[in-house]
Amino acid sequence: MTSARRKKEESTYYIHREDIRLPHAVTLANLNPSNVKVTTEETVRKTVRVIPIVTGEPGKGAMVRSVSVTPPSVEIEGIRPEIARISALKTEPLDVTGMNETFSQDLKLDLAGHVVRTKTAAVTVRL
């Protein structure tokens with residue numbers, strides 16, 4: 001993991017009636033709680049490998065001999081506990097059903113289930 005970008009902090013914010021904007025004809029009867037505690041986690045970055053996901057069967061007489069991905073790794077950013085549990089990211093599935101020639105396709109990274117950011121939204125997979 002690389003160095004932290006933002007350290008863990010805890011702050012308390014107080015809420016006053018004047019802080020809340022309400023539509024016309026709506027009134028605030030009660031404000032409870034009158035404060036909220038916010039904890040921000042340390043943000044870190046890490047480089048992880050990209051795993052291309054290939055599904056389906058190629059056309060008759062064809063076979064997938066090799067699969068390459070460009071770039072082969074990407075940098076992710078998020079809170080330390082989330083980043084620590086990720087060693088690789090997968091691509092969205094690429095269906096090769098019926099294909100019988102070499103080709104390349106841009107695929108998005110599958111970030112489902114991960115609370116991370118990456119500057120690389122898609123990678124190129126070549127079969």
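**Exercise 1.** In this predicted model, in which sense do strand 9 and strand 11 pair, and over how many bridges?

Solution. Strand 9 covers residues 104-110. Its pairing with strand 11 is antiparallel and runs over five bridges. One of the facing positions is K108, which stands opposite A122 in strand 11.

**Exercise 2.** Find the sense in which strand 5 pairs with strand 11, and name residues that stand opposite each other.

Solution. Strand 11 spans residues 122-126, and strand 5 pairs with it in the antiparallel sense over three bridges. In strand 11, V125 is the residue opposite V69. Likewise, S68 stands opposite R126.

**Exercise 3.** Place these strands in the whole sheet: what is the strand order, and which strands are at the edges?

Solution. The sheet is open and has seven strands, in the order 5-11-9-7-3-6-10. Its pairing is mixed. Strand 5 (68-70) and strand 10 (117-118) are the edge strands, since each pairs on one side only.

**Exercise 4.** Sort the side chains of strand 11 by the face to which they point.

Solution. In a regular strand, side chains alternate between the two faces of the sheet. Strand 11 shows this alternation: V123 and V125 point to one face and are buried. A122, T124 and R126 point to the other face and are not buried.

**Exercise 5.** Is E42 buried or exposed?

Solution. Start with its location: E42 lies in the loop between strand 2 (35-40) and strand 3 (43-51). The cut-off for buried is under 20% relative accessible area. E42 has 17% relative accessibility, so E42 counts as buried. The E42 side chain also makes a polar contact with the side chain of R80, at 3.1 Å.

Notes
Residues numbered from 1 in each chain as written. Predicted model: local features only at pLDDT ≥ 70, side-chain atom pairs only at ≥ 80, totals over all residues. Heavy atoms only, no water. Pairing = 2+ DSSP bridges. Helix = DSSP H or I, 4+ residues; strand = E, 2+ residues; numbered from the N terminus. Buried < 20%, exposed > 50% of the residue type's maximum accessible area, 1.4 Å probe, protein only. Polar contact = N/O pair within 3.5 Å; in protein donor to acceptor, adjacent residues only side chain to side chain.
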